[in-house]
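Me: I would like to learn how to read a structural model with some care. Could you take me through it feature by feature?

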Amino acid sequence: VGDSSLGNSIDKKFFNKISNLKSENLSLSGSYGIAGSLGIIKKAYKKNPNIKNFIIMQTLDIWGRPYSKNAILELYSLKDMNIYLSKGEILSYFINLKEIYWHSKYFFNFKNIKNLKINENTDYISQNNSKFSNNKQQLKNGAKIDTIKISKGKLKEVNMLETFCKKNNINCIYLNGPIHETYAKNSNSFIDYKKEIISKKFFHIKYFEKIFAYPELKIGDAVDHVDPKYKNESTRDIYEHIKKHLIY
């Protein structure tokens, strides 16, 4: 579970083949944040409490984003909404005319629904044709994330995830999503800063600090999207890094 950095870097069929496990890729997008990952974990665990491993992966710049209220409102039960949000926040969402309009528009826009279908060949939503790997995208000079500060909202989401995994004694593994290697090198200050803070927030969860950095020729339509041609390679890299911590 995680965002598009996971969706574009782990192929479930190849992962299952090399690990001899049975897994599903239930990645969302970055806007759902860690709270979104927890929402999917809650749904999956409720349906099958015998699941042995949850691999959670988020892109590096997730840490500067605000508390993912919409993830809770869209993925959590009403009981859990009341735990993580105020009654005012819940009520305003359900009577928000913009939200109602957007959901209705999406529901009746069958073209968008068709375009968002999972591509069976890549195990995620298809990337566009403008990629780093084909030189149709270029990294901007000085592109980095050193200016980001970890938000209180994301620390709250970490605590939510940690509490759930510990309470249910689930083997939860947290990883940084793959990234353009130059972007990663430019962001060393942020990576060190994140490591210092986040490593102290995980106790039950197995937190891996490794940065899976790939050269430009292996990067797709965003700095944190592996090109589909190299998805098996990134799948293997991730599996090799965590295989000793998976439960069979």
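**Reading the model, one feature at a time**

Reply: Let us begin with a helix residue and what surrounds it: leaving out residues up to four places away in sequence, Ser234 touches Ser9, Tyr214 and Val226. Please keep in mind throughout that this is a predicted model.

Me: In which helix is Ser234 found, and does Ser234 count as buried or exposed?

Reply: Ser234 is found in helix H12, which covers residues 231-242. The general idea is that a residue is called buried when its relative accessible area is under 20%; Ser234 has 0% relative accessibility and therefore counts as buried.

Me: Which backbone atom does the side chain of Ser234 reach?

Reply: The side chain of Ser234 reaches the backbone oxygen of Ser9, at 2.7 Å, and Ser9 is also among the residues that Ser234 touches.

Me: Where is Ser23 found, and which side chain is joined to that of Ser23 by a polar contact?

Reply: Ser23 is found in the loop between helix H2 (12-19) and helix H3 (33-47). A polar contact of 2.5 Å joins its side chain to that of Asn16, and the residues touched by Ser23, apart from those up to four places away in sequence, are Lys12, Phe15 and Asn16.

Me: How should I read a residue inside helix H3, such as Leu38?

Reply: It helps to take accessibility and contacts together. Leu38 is buried, because its relative accessible area is 1%, and, with neighbours within four places in sequence set aside, Leu38 is in contact with Tyr76, Tyr84, Met160, Leu161 and Phe164.

Me: How far apart in space are Leu38 and Lys87, and what separates the C-alpha atoms of Ser77 and Lys43?

Reply: Separation along the chain and separation in space are best read side by side. Leu38 and Lys87 are 49 residues apart in sequence and 21 Å apart in space, C-alpha to C-alpha, whereas the C-alpha atoms of Ser77 and Lys43, which are 34 residues apart along the chain, are separated by 9.2 Å. Ser77 itself is found in the loop between helix H4 (69-75) and helix H5 (78-84), and it counts as partly exposed because its relative accessibility is 39%, a value between the 20% and 50% cut-offs.

Me: What can be said about the phi angles of Asp123 and Asn135?

Reply: Asp123 has a positive phi of about 65° although it is not a glycine, and phi of Asn135, also a residue other than glycine, is positive and near 65°. Asp123 has its place in the loop between helix H8 (110-115) and helix H9 (152-167), and Asn135 lies in the loop between H8 and H9. As for accessibility, Asp123 is buried, with a relative accessible area of 10%, while Asn135 counts as exposed at 55%.

Me: Now for the whole chain: how many helices and strands does the chain have, and what is its radius of gyration?

Reply: The chain has twelve helices and five strands. A compact globule of 248 residues would have a radius of gyration near 18 Å, and the chain, with 18 Å, agrees. Of these 248 residues, 48% count as buried.

Me: What share of contacts joins residues at least 24 apart, and how many charged side chains are there, positive and negative?

Reply: Among contacts between residues at least 6 apart in sequence, 79% join residues at least 24 apart. The chain has 41 positive and 24 negative side chains, and the centres of the two sets lie 5 Å apart.

Definitions and conventions: Residues are numbered from 1 along each chain as its sequence is written. This is a predicted model: local features need pLDDT of at least 70, side-chain atom pairs count only at pLDDT 80 or more; totals for chains, interfaces and linings use all residues. Side-chain values use heavy atoms; hydrogens and water are left out. Helices (H or I, at least four residues) and strands (E, at least two) are DSSP runs, numbered from the N terminus. The radius of gyration is taken over C-alpha atoms; the globule rule is 2.2 Å times the number of residues to the power 0.38. Buried means under 20% relative accessible area, exposed over 50%, partly exposed in between (1.4 Å probe, protein chains only). Contact means heavy atoms within 4.5 Å. Lys and Arg count as positive and Asp and Glu as negative; His and the chain ends are not counted. The place of a charge is taken as NZ of Lys, CZ of Arg, CG of Asp or CD of Glu. A polar contact is a pair of N or O atoms within 3.5 Å; within protein, one must be able to donate a hydrogen and the other to accept it, and residues adjacent in sequence count only if both atoms are side-chain atoms.
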